[in-house]
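Visitor: I am new to this structure and should be grateful for a close look at a single part of it. Would you kindly take one sheet and the elements around it, and explain how they are arranged?

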Amino acid sequence: MSRNLERELKQRLQQKKILLMTHLVAGYPSLAVNREVIRQMAEAGVDCIELQIPFSEPIADGPVILKANQQSLDQGITVEACFRLGQEMAAAFPQVRFLFMTYYNVVFKYGEDAFLRRTRDIGLNGTIVPDLPPDEGQSYLAGSRELGLAAVQFFTPTSSDERMRQVAAQGAGFVYCVARRGVTGRQTTFDHALDQYLARCRRATTLPLAVGFGIGSRGDVAMLAGQADMAVIGTATIKLVDAQGPAAVGPFIAGLLA
Amino acid sequence: MFQRKAISPDHFTNGIAMKKGYYGQWGGAFIPEVLHATFADLNRVYEQARNEASFWQEYVDLMGNYSCRPTPLTFAENLTRHFGGARIFIKREDLNHTGAHKANNVMGQGLLVRRMGKRRVIAETGAGQHGMATATMAARFGFACTIYMGEEDVARQRPNVFWMEKLGATVVPVTDGSRTLKDAMNEAFRDWVASMDDTHYVIGTVCGPHPFPEMVAWFQSIIGQEARQQILKQYGSLPARVYACVGGGSNALGIFQGFLDDPGVELIGVEAGGQGIATGRHAARMADGSGASPGVAQGYKSMFLQSPEGQMLDTHSIAAGLDYVGVSPILADLGDKGRVRFASATDREVIEALSLTMRTEGIIPAMESAHAFVQAFKEAPAMSSDQAIIINMSGRGDKDIFTIAHAFDDPSWKAFIVDRAKGYTIG
């Protein structure tokens with residue numbers, strides 16, 4: 001049931017000004033809460049969900065997601081349990097496009113080919129692996145293409161125009177545009193530099209642009225509409241669930257789009 | 001000083017062109033995209049320096065002026081007599097400024113940082129040696145400095161923290177994960193992905209993404225270059241065996257590089273056996289039965305102590321500097337090729353070897369270094385008196401008095417601490 005994620009996102013953009021991708025860490029605070037959070041996200045109209053398979057050394061993540069990874073592992077989460085959660089959620093919410101986010105060692109230990117086949121077979125649409133640059137991931141990228149999975153690539157403010165073109169040519173689905181330097185969960189200031197950066201991203205690829213890292217308010221999302229195609233909400237929902245429980249997620253997401 | 005033995009990927013591939021930064025199947029640069037440009041810049045500056053003979057000379061001069069190089073090769077006459085076998089020589093990296101081989105790499109990277117025009121350095125540290133060395137280098141070169149150190153290591157190495165702070169560094173205790181070296185490394189990476197414009201990450205060992213393994217090995221190769229010349233001069237022929245402890249592997253690769261092209265010289269890496277390999281409380285990755293498996297973490301592919309699903313495990317060693325989940329990709333390859341033999345030493349054996357070395361030679365090895373002594377002492381008696389061995393003494397132990405006194409469970413020391421504590425009130 002492989003789909004063309006890029007084409008689907010572009011179709012959705014004909015109806016919506018901007019799409020939303022949310023994120024959660026599998027097993028944090030529990031699989032039961034994950035299910036409820038995903039239901040809330042799906043019903044609030046989220047387009048894509050990044051389901052993070054925990055890893056003990058998440059070097060690209062900030063303190064909030066790091067702690068979530070650790071706690072989930074301490075509670076005994078397994079890769080198998082993440083696959084089962086992904087399968088169940090993809091079947092329950094067919095309107096949402098699910099992607100796995102994880103670090104390369106998880107894939108490597110499972111076996112690249114086996115990991116990708118299982119990901120496709122359970123109905124997910126792609127993967128985001130922040131420590132696997134295209135320079136190291138040639139077989140992974142080829143395997144993803146063959147199976148119709150989007151191996152999402154990254155643009156960053158430090159990427160040269162040439163590097164952006166190279167990276168985009170290797171990716172699929174959309175490009176994850178990191179809005180600023182640093183790890184997940186820090187504040188982004190939206191200013192003129194961001195406009196210029198996103199314009200540079202747009203020139204480098206025809207893939208949809210997802211903008212992430214530090215977005216958490218309706219103002220942030222409104223500001224991105226027109227410049228980016230999808231806003232990525234990461235740390236904000238984890239903090240919200242920690243503070244107010246899963247029932248707060250639906251109204252929060254709905255509020256972002258209001 | 002010659003440069004002939006400096007390591008490069010070509011060295012391990014017998015001329016077969018390989019992807020840059022790979023040693024057999026190990027190595028690579030598994031870095032987030034945000035660091036791509038930073039690594040490109042570092043690679044360029046490093047390659048440029050490497051191709052200039054004058055840079056290496058500048059480095060050798062700096063180490064001679066600032067860090068007591070060349071360090072001596074001491075003939076351990078009493079230990080030799082004690083074991084009645086091979087002639088035992090000790091390469092004295094403990095006599096480097098800051099008391100360990102770590103200074104070699106750090107001062108070399110300092111020269112590169114100056115070339116890159118950056119103003120701030122960050123580093124991870126386990127035992128504190130690399131942090132101390134980096135703080136010292138930063139003071140000397142005039143860089144701002146932040147050291148990431150696992151909370152558990154901060155607790156067990158307070159004297160080193162004290163000195164780092166007095167040298168002007170900011171020490172950040174890392175409270176994530178197992179609160180040891182690997183977690184400090186992760187946190188330093190997190191700093192770097194935001195600060196790379198003006199900051200260089202001084203990785204302390206021959207691990208991490210390319211070019212770090214190769215670059216750190218290059219700076220540490222000064223140990224082996226000196227040791228080879230010294231043993232030829234002092235003893236008249238090459239040693240039969242060279243022993244070094246292996247955490248990440250920087251002191252080991254440093255001395256081994258002097259002898260890689262001498263097939264008659266056996267190279268032995270000694271890992272932390274902790275409470276015994278069978279107990280699972282150890283930090284051995286290459287030694288028999290370690291249970292390590294191939295993996296990718298902290299930016300490189302190598303052997304790691306990890307679960308079948310790839311989650312890194314907690315490691316244990318009496319020596320904080322060996323308490324690490326991964327091992328240099330270069331050493332993993334040399335192990336595959338049979339060029340380096342790996343062994344392990346338990347915490348208990350380390351204390352015995354340390355004790356013997358102090359009483360016999362009046363030399364106090366760091367607990368890390370004492371691992372190499374353990375294996376040499378096991379093998380020396382069965383060797384003949386016309387064979388020589390070199391033990392790389394990567395650092396000195398006397399400045400780790402709190403840790404070593406604790407390991408010896410010394411009653412009068414404990415009484416002293418209790419007594420001194422009475423004189424202090426917090427607040």
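Guide: The account below begins with chain B as a whole, turns to one of its sheets, and then follows the neighbouring elements to the side that touches chain A.

The model is predicted. Chain B contains 15 helices and 14 strands. Its radius of gyration is 20 Å, close to the 22 Å that the globule rule gives for 427 residues, so chain B is as compact as a globular protein of that length. Along the principal axes, the C-alpha atoms of chain B fill a box of roughly 65 × 55 × 50 Å. Of the 427 residues, 58% count as buried. Among the contacts in chain B between residues at least 6 apart in sequence, 74% join residues at least 24 apart.

The sheet chosen here is an open one of 4 strands in chain B, with the order E7-E6-E5-E8 and parallel pairing. Strand E7 (170-174) and strand E8 (199-201) of chain B stand at the edges; each has a single partner strand, so one side of each is left without a neighbour in the sheet. From one strand to the next, the twist averages 20 degrees. Strand E5 (residues 120-125) and strand E6 (residues 144-150) of chain B run parallel and are joined by 6 bridges. One residue pair illustrates this joining: Glu124(B) has Tyr148(B) in E6(B) as its bridge partner. In general, strands of a sheet pair through backbone hydrogen bonds, either parallel or antiparallel.

Two helices deserve attention beside this sheet. Helix H4 (residues 102-116) of chain B has 15 residues and reaches 21 Å from its first C-alpha to its last, close to the 21 Å expected at 1.5 Å a residue. H4(B) is mostly covered, with 11 of its 15 residues buried; among them are Lys102(B), Asn105(B), Met107(B), Leu112(B) and Val113(B). After H4(B) comes Gly117(B), whose phi is positive, near 75 degrees. The other helix, H8 (residues 181-195) of chain B, lies across E5, E6, E7 and E8 of chain B and runs at about 160 degrees to E5(B).

Helix H8 also leads to the neighbouring chain. In total, 26 residues of chain B are in contact with 32 residues of chain A. Helix H1 (36-50), H8 and strand E11 (293-297) of chain B each supply at least two residues of the side of chain B that touches chain A. H8(B) gives the most to this side, with 6 residues. By class, the side of chain B that touches chain A has 13 nonpolar, 8 polar and 5 charged residues.

A single residue of helix H1 shows the meeting of the chains in detail. Ala37(B) has its place in helix H1 of chain B, and it touches Thr158(A) and Ser160(A). With 17 C-beta neighbours inside 10 Å, Ala37(B) counts as partly exposed. Ala37(B) and Asp197(B) are 160 residues apart in sequence, yet 9.9 Å apart in space, C-alpha to C-alpha.

Another pair of strands in chain B may be set beside the chosen sheet. Strand E10 (residues 266-274) and E13(B) run parallel, with 7 bridges joining them. Gly274(B) stands opposite Thr346(B) in E13(B). Of the 7 residues of strand E13 (residues 340-346) of chain B, 6 are buried, so this strand is largely enclosed by the rest of the structure.

Notes
Residues numbered from 1 in each chain as written. Chains lettered and ligands numbered in written order. Predicted model: local features only at pLDDT ≥ 70, side-chain atom pairs only at ≥ 80, totals over all residues. Pairing = 2+ DSSP bridges. Axes fitted to C-alpha atoms, helices over the stretch in contact; angles between N-to-C directions. Contact = placed C-beta atoms within 7 Å. Nonpolar A, V, L, I, M, F, W, Y, C, P; charged D, E, K, R; others polar. Rg over C-alpha atoms; globule rule 2.2 N^0.38 Å. Buried ≥ 20, exposed ≤ 12 C-beta atoms within 10 Å, placed from the backbone. Expected span 1.5 Å × (residues − 1). Lists of a residue's contacts leave out its neighbours within four places in sequence.
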